[in-house]
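Trainee: Could you take me slowly through one part of this model, the place where protein and nucleic acid meet?

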There are 2 protein chains.
Amino acid sequence: MPLRVTIKDVAAQADVSYQTVSKVLNNQAQVSPETKARIWRAVKKLGYVPNHRARDLRTQRSHMLGYSWRPDLPHQVNPIMDLFLLSMVEAADEKGYHILPFPHPDPEKDVDAYRDLMRTGRVDGFILSSIDYNDPRIKFLQRENFPFVAFGGLQAESDLFVDVDGARGLELATRHLIAQGHKNIAVLAWPKHSRVGQNRFAGYVQAMRDAKLEMRAAWTAHVEGTFEMGYATTHKWLRAKTRPTAIVALTDLLAVGAMRAIQESGLRVGADIAVTGFDDTPMAQYLTPALTSVRQPIWQVGQRVIDLLVRSLEQLPLTETQIVLSPELIVRESSLK
Amino acid sequence: MPLRVTIKDVAAQADVSYQTVSKVLNNQAQVSPETKARIWRAVKKLGYVPNHRARDLRTQRSHMLGYSWRPDLPHQVNPIMDLFLLSMVEAADEKGYHILPFPHPDPEKDVDAYRDLMRTGRVDGFILSSIDYNDPRIKFLQRENFPFVAFGGLQAESDLFVDVDGARGLELATRHLIAQGHKNIAVLAWPKHSRVGQNRFAGYVQAMRDAKLEMRAAWTAHVEGTFEMGYATTHKWLRAKTRPTAIVALTDLLAVGAMRAIQESGLRVGADIAVTGFDDTPMAQYLTPALTSVRQPIWQVGQRVIDLLVRSLEQLPLTETQIVLSPELIVRESSLK
DNA sequence: CTATGTTATGCGAACGTTCGCCCGAACGTT
DNA sequence: AACGTTCGGGCGAACGTTCGCATAACATAG
């Protein structure tokens, strides 16, 4: 048995031309059941597996899907992206594809990395995440007419994307607090230039309006999503004359900052001031008290994204092209009296 | 300009045979400076990039490095692995390689996935992590003589690996507690079948012996590395007649469980009972009190692993083949009075 | 019995590279 | 003047597939 078993070895074994073997493997064209069986037997016997390099060259496809993610903080971890990646890897594997992760260089030059992977034939399509308003990558890929699917909402009708309804998430959290009897609810939001941030924020506004509750400008903070900003902002709120009885945060990190500030003021999180987060970071469940948080269906997002992308690559019918999934509120002690 | 610019287009433009272009691109063999320049000009003008698919077929290499990681818990996040992956992706990219992540199936069948990727020519080598004693993957790859590098120590002289000195890590943590005046130090360790666990545990033993402190069997727990086990074990310790004044844990999760148990007993973490963790999970810094933990140089591990693997693939000189890096103790409030 | 169609298989070519060998010209060297 | 050497570059082949067309064998119909 030769070191590398090729289609020709199989052909010799089965006593047919190697092209016929190829036909059987891709079961196209008619081949008599007997020879078919003979060929399969030979394949099994020799332990043949098709060489992907050769196939890819011939078919001009790579079965690779490029994915690049931006760490929120340099050399720090983005737990959401990790799970997302894992989900995509598994989904892709099932369909005979692989994920090719590549580094995310400085925001302006990043189109280069995409262009390179396209031109060299390394990937068949891309998965995009952390989309900005007017993301240059989107324009570029559209112009080049190269397949991609985004995690995050786009505008154009033609775009493929999967998104999580962030507004719905904050609405759930806010409604939950209102149901607990809270009226003075502050919000720790992101800077206004963030599309994801504005989307989530809208959910808070919606819930407050529906309940006819007052939204004070002083209790609406648009800040960077860090622990420090959550801490500092909450601290400020606690020193004011009237203070909120509940705080909804756009991320867990902001919520954790808020919790710390509350505890340092000698107040109890939950009993005195309720707090909710967003993302259901692994740590949320281990905090004291455990943090109520909005959990995104990241696993499903990964599955759907790959499904969409592979379908579009293989020209299969697309029943849905723009998928919006609902998040789920995980209620824990931090929002209960 | 044709849609796909190939080497032949460049050749036509530069008025040489396409094989000569290839030679220039891989700068091997003599070509006169003039034609060289002419060819490069043509390359630039046409925006040529070599087609990786074709090159890979011809050279029988894929420039892909397979990596599969096992989530500690199904559908849960392993923050260490995430950073590790990111580091490898960047290191590989610099050297013209890519990481190919693939799913980790059930432990017994996983060799199949490795075999498949090898046979189909998808990858040139593997990175292994989460190594067990007698890991079947290692035996398999050695038998097939396929290049790989492990994150985690192996035995054989010939093996390539990068490891973090877990014993040193626990030694640092234990010595730190001893320096704080602690004498009754309990340890939350892993089951004995874990090689990583035994390695770390040895560091605790070393530090205790050096300080001539007593190690009570009752204060040595070999348990699964979960929050629940940390919590339950610590609870048990606290109810005993004499209780430890400090607890070293083999993972942050165990430490967090211990912290919770301590706090629920009305004691103060740090002031009353000191606690240290391992891994410096992102959450460690946000806990109340913040958790003292051993930080592994994950970024460096990723860089070194890729360096080793690429060197061995390209038959470059290997100065070191078995690299052990030292972790670092990050002291926070949980271990201070 | 020829014409026509169907079915099963074979064959040449191509995908875009790299590799090794060959060859002609220029240049010294006996 | 004849002979090596070196340099620059060309040429055919190969990597392992898939694709489209050609063709042989056989059956069916006129």
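Mentor: What follows is a close look at the protein surface around one DNA strand. Please keep in mind that this is a predicted model. DNA strand C is surrounded by 31 residues, and the closest come from both chains, with S17(A), K23(A) and T35(A) on one side of the list and S22(B) and R58(B) on the other. When these surrounding residues are sorted by character, 14 are polar, ten are nonpolar and seven are charged. As for the secondary structure that carries them, chain A supplies at least two residues from each of α2 (18-25) and α4 (52-59), while in chain B the helices α1 (7-14), α2 (18-25) and α4 (52-59) each do so.

Turning to the DNA itself, 53% of the atoms of strand C that lie within 4 Å of the protein belong to sugar or phosphate, and the rest belong to bases. Individual contacts from chain B illustrate both kinds of partner. At the phosphates, a polar backbone atom of I7(B) is 2.8 Å from a phosphate oxygen of DNA strand C, and an N or O atom in the side chain of Y48(B) is 2.9 Å from a phosphate oxygen of that strand. At the bases, the side chain of K23(B) places a polar atom 3.3 Å from a base oxygen of DNA strand C. Read together, these contacts involve the backbone of I7(B) and the side chains of Y48(B) and K23(B), and K23(B) falls within the range of α2 (18-25), one of the chain B helices named above.

How values were computed: Residues are numbered from 1 along each chain as its sequence is written. Chains are lettered from A and ligands numbered from 1 in the order in which they are written. This is a predicted model: local features need pLDDT of at least 70, side-chain atom pairs count only at pLDDT 80 or more; totals for chains, interfaces and linings use all residues. Side-chain values use heavy atoms; hydrogens and water are left out. A residue is near a molecule or strand if one of its heavy atoms lies within 4 Å of it. A polar contact is a pair of N or O atoms within 3.5 Å; within protein, one must be able to donate a hydrogen and the other to accept it, and residues adjacent in sequence count only if both atoms are side-chain atoms. Helices (H or I, at least four residues) and strands (E, at least two) are DSSP runs, numbered from the N terminus. Ala, Val, Leu, Ile, Met, Phe, Trp, Tyr, Cys and Pro count as nonpolar, Asp, Glu, Lys and Arg as charged, and the others, Gly among them, as polar.
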